[in-house]
Amino acid sequence: MGFLNQIKKKMLRHPLLYALRYALISENGPPVYHDDCARFDTFNDASVVPDFFYEINSKMALDPTADELQKAIQIGIYLRSRSKPGPGIGLSPELTLQMMLEGKGGVCSDFSEMFNLFCLINQIPVKEWGSADQLYKTQLGHSFNEIYSEQHKKWIAIDIHKGILFKDNSGNYLSVIELFNDLRAGSPLIPHHYSDYRAPKIERLALVYAAKTIPFLVDYKHYKYISQCFRKYQKKVPKILIDTWIILNRKNQKFIFVLDNYKKILFKST
């Protein structure tokens with residue numbers, strides 16, 4: 001395992017191989033951004049959600065009449081309050097959730113993925129987003145989400161891992177596009193904590209969400225195939241090989257860049 005991890009790190013650090021990796025998993029978004037772009041709930045339905053998630057969802061006791069934002073907040077509070085800082089997991093959804101709830105780890109991408117599935121159960125329109133300070137030799141990578149609220153009649157950015165929403169100077173909730181456009185226009189970052197949780201390194205928020213940060217949508221069109229691969233092979237094969245197999249079969253998630261041309265950024269930096 002240690003030897004394979006060393007190979008993985010060297011591959012990711014090599015400029016040409018790094019560029020090739022992004023070329024395989026990335027694409028630029030449509031000329032005009034539309035709200036349905038890469039919605040997790042558009043490409044996936046309840047068939048991708050393991051039974052274990054329904055068991056946990058019943059413990060959350062969500063109010064079925066509540067707005068999507070309130071449900072999302074309650075899901076976020078439940079996941080964050082029952083998880084502890086630890087290594088990334090990224091295995092089958094049921095094993096990932098089990099390990100998170102047992103306090104055995106879970107990073108931002110694990111939180112985002114688990115949140116996607118709970119949103120499916122509770123009919124909450126949801127997207128997953130990623131962000132990075134740069135595409136080559138990334139120092140600050142992060143995953144978060146966005147949900148649609150009927151009450152507010154808009155998409156609202158939500159960071160389940162850090163327990164925050166985002167507002168503008170007038171106190172209005174921001175979508176992801178609004179958030180990054182405002183940051184690039186020089187507006188201050190105004191995080192709104194929806195629970196008592198505070199990230200250990202709260203000062204990093206202003207680095208993760210910054211004018212120079214590059215946001216991208218995570219398109220999980222083949223999520224069912226991906227989760228089945230991990231379910232079948234996670235106890236037999238190292239994760240890096242499963243990831244590689246999924247990419248070679250073109251069933252991997254896609255990074256969709258909607259505010260930037262990833263090719264210009266990537267090849268300029270490598």
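A residue counts as buried here when its relative accessible area is under 20%. Keep that cut-off in mind as we walk through this predicted model, starting with strand E7.

Strand E7 covers residues 214–219, and 6 of its 6 residues are buried. In a regular strand, side chains alternate between the two faces of the sheet. You can follow two sets of side chains here: Ile-214, Phe-216 and Val-218 point one way from E7, while Pro-215, Leu-217 and Asp-219 point the other way. Both sets are buried, Asp-219 included.

Now let's look at what lies alongside. E7 pairs with strand E2, residues 126–132, in the antiparallel sense, and 5 bridges join them. E7 also pairs with strand E8, residues 254–257, again in the antiparallel sense, over 3 bridges. Leu-217 is a handy residue to select in your viewer. Trp-129 stands opposite Leu-217, and in E8 the bridge partner of Leu-217 is Ile-256.

Finally, let's turn to the cysteines. A disulfide is a covalent bond between the sulfur atoms of two cysteines. How many disulfides does a search of the whole structure find? The search finds 0. Cys-108 is in no disulfide, and the nearest cysteine sulfur, that of Cys-119, is 16 Å away. Seen from the other end, Cys-119 is in no disulfide either, with the sulfur of Cys-108 as its nearest cysteine sulfur at 16 Å. A pair would need its sulfur atoms within 2.5 Å to count. Are these two cysteines buried or exposed? Cys-108 counts as buried because its relative accessibility is 14%, and Cys-119 counts as buried because its value is 0%.

Note on methods:
Residues numbered from 1 in each chain as written. Predicted model: local features only at pLDDT ≥ 70, side-chain atom pairs only at ≥ 80, totals over all residues. Heavy atoms only, no water. Buried < 20%, exposed > 50% of the residue type's maximum accessible area, 1.4 Å probe, protein only. Helix = DSSP H or I, 4+ residues; strand = E, 2+ residues; numbered from the N terminus. Pairing = 2+ DSSP bridges.
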